[in-house]
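I opened the notebook to look up strand pairing and helix packing. The entries follow in the order in which I checked them.

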Amino acid sequence: MRILCLVIPHFPASIERRDEPGLRGRLLLIVKDGRVMDCSPGALDQGVRVGMKIEGAENLCPEALVLAADITRYEGAFQRVLKVLAVVSPGVETGSWGEAYSDISGQSSRFGDETTLCREVGRRLYQETALQGKLGVAGNKFTSYVAAHITREGRALLIPPGTEQEFLAPLPADLLPLNQEMREELRLLGIRSMGQFAQLPAEAVLARFGPQGQTAHQLAQGQDRRPLIPCQSPQVVEARLEFEPPLEMNGMLAQAVGELVHTCCLRLHKRGQTCQEVRLILSFEDGSSRGAQRTLSGPTADPKMVDAGAQELMRSLSCAPRVMEACLVLGRLQAQRGKQLSLGMISQPAKVDLAHLVGPLAAKFGADRFYWSRVANPSSPMAERRFAWQRWAQG
Amino acid sequence: MSRRKYHKLDSVVAGLQRRFGPRAIYRYQRPPDSTLPPHIPTGFPELDRTLGIGGLPRGRITELLGPVTSGKVTLAAKVVAQAQIAGQQAAWVDLSGTLDGDYLHCCDVDLKGLLVVRPHNGEEALAITISLAAGELGILVFDEVTSLQGQSLPPALLQGALARIHHRVAHSPCVAIFLTTTHFAPPGEVANYPPGFPLGHYAALRLSLKREKWIRQHGDVRGCQASVTTLKNRLAPPAAPARIEITFEGTVRGNG
């Protein structure tokens, strides 16, 4: 088995720099929920760590530019990266942001050899996403990850089959997936490289470090038995509306968003599913687009709850010019759960289609039982001439 | 009850639910006082106040009793109009065959959104009502119970039909209104129920309407004033009768 690993380091920061060339060369802190989600390598050098509070990060790196994380944009960019890898092989597994694995066994013949394949991936990646990644190819996931990690941007490092242990041996043991305490213990024991760690007896490693240490020991020996699990594209329900002429941010847009919610919820009902995430993407007249997403309090297919979330998102995006297109995406779908009927609380009735209700009844009892009336001659002195009956089918 | 006994009761209930299904046994949880049971307003504010919950209850059967020209149809029509304003669908089972579309129009009913069922006999009327009650209708009016009289329907069929309607309405958000005409027989009013039709038992709300006086204008009769007395209300304590005013031009207003 040959695994290709693609790593785009500091993916959110790379996206920000790609989209805003003025940010190149500047220190960046990407913040979500008051904590550092990602930062540029320069900020890391100054002591900033992912997950720390923004106040602490600003103290350590006062000259850094703080940016709010735009998850929707990052996700969109990452999906495009995955599409590039899917060209090489359909089985693509995702890791963290900017990290993906692909099984390229037997694929190199399509491209000549693995070097050409990696060159093709790098070329397509830059062409499609304007990003440069680091590529590693090896016989298992961990070795390919390490290879991609230590190589330079835009380059690929290929590890020939059977040489994984030799390749890993001189590399620092810090690259192994160990917790801080175990790393410290290894340091105290004088074990610096993966080669030193791999030479330890397996029983002793298990006795001292437990199952996690045993796994790391096997990885250091170039054995990674973890299979590549291809990711499935997340199921979503999506609806979009284009506006010609463009809409102002007012009640009309709110109504349009309501329509999108209604359409999506109808699809959810038909599938017997619920959603827990609402994403709204607005494309503006000037060619820009903005998106926001919100996690609902629980899985639901209730149009009212979804609409409340969507309207809130719309208001949060309301500082822009006229809207050309609105796209609503409902994510984190799951099957609807059965509910116990309650004696006390009865929900408001959904608006039903009377024709849908009458159809089976008319077939059973006859169409001449179901009517609707209309005002025929309101000024007639005779009451029975003021209105007329019509069969429901004629309505 | 001690905590231990509570735990024991919980385990017994859980065992029964596992064996017979979750709907076999469950605790009735009283809704918080701040939330009223779901309802549709009648359009007469004074009557809504008298009813205690702000209107006619959803998921329950409501019976309107009264002699002719007491305002039963008008009251039902106003509730239909209120339901339609809220975007809900309505159906009217016109067993008596006396429905006046023009008058419903004057009562603000959207005729295009009202399904009128004109069954050929009482058995058919009950069967269609059972089917409609299972739908997601906002309101269903059965006009009228008195017409079932004299159709030689077996009492078991009537009772079974009413039980099924009651069950289906209880699991739907529908307000089911049954109109019953009463006639005067000393010492009071008597409802013309067919034998074996225990509507009074199944109805959660029974309202008796009685015309009190005619409303005259320049010597002509323009309408009438009726009093609505609550005979039975499972959702609120009893209250004093409410008065409603009906004018024949179709403008109907509450005296609240």
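Entry 1, strand pairing. I looked up strand 1 (residues 3-7) of chain A and found it joined to strand 7 of chain A by 5 bridges, with the two strands running antiparallel. The model is a predicted one. In this pairing I noted Ile3(A) opposite Ala138(A) of strand 7. I then looked for a pairing with strand 8 (residues 156-158) of chain A: strand 7 of chain A is joined to strand 8 by 3 bridges, and these two run parallel. Here Leu135(A) stands opposite Ala156(A) in strand 8.

Entry 2, burial. Strand 7 of chain A spans residues 134-138, and 5 of its 5 residues are buried. I split the strand by face: Lys134(A), Gly136(A) and Ala138(A) lie on one side, Leu135(A) and Val137(A) on the other, and both faces are covered. For the chain as a whole I noted that 33% of the 395 residues of chain A count as buried.

Entry 3, chain A overall. I counted 14 helices and 15 strands in chain A. Of its contacts with a separation of 6 or more, 57% are between residues 24 or more positions apart.

Entry 4, a helix pair in chain B. I took helix 5 (residues 122-133) and helix 6 (residues 155-170) of chain B; their axes are 8 Å apart and the packing angle is about 15°. The angle is under 35 degrees, so I entered the two helices of chain B as roughly parallel. The crossing of helix 5 of chain B past helix 6 of chain B is left-handed. Among the residues that meet are Leu126(B) and Ile130(B) from helix 5, and Ala161(B) and Ile165(B) from helix 6. By class, I noted 7 nonpolar, 1 polar and 3 charged residues in this contact.

Technical notes
Residues are numbered from 1 along each chain as its sequence is written. Chains are lettered from A and ligands numbered from 1 in the order in which they are written. This is a predicted model: local features need pLDDT of at least 70, side-chain atom pairs count only at pLDDT 80 or more; totals for chains, interfaces and linings use all residues. Axes are lines fitted to C-alpha atoms, for helices over the stretch in contact, and angles run from 0 to 180 degrees between N-to-C directions. Angles under 35 degrees count as roughly parallel, over 145 as roughly antiparallel, 65 to 115 as roughly perpendicular and the rest as oblique. A crossing is left-handed if the near helix is turned anticlockwise from the far one by less than a right angle, and right-handed if clockwise. Two residues are in contact if their C-beta atoms, placed from the backbone, lie within 7 Å. Ala, Val, Leu, Ile, Met, Phe, Trp, Tyr, Cys and Pro count as nonpolar, Asp, Glu, Lys and Arg as charged, and the others, Gly among them, as polar. A residue is buried if 20 or more other C-beta atoms lie within 10 Å of its own, exposed if 12 or fewer, and partly exposed in between; C-beta atoms are placed from the backbone. Two strands pair if DSSP finds at least two bridges between them.
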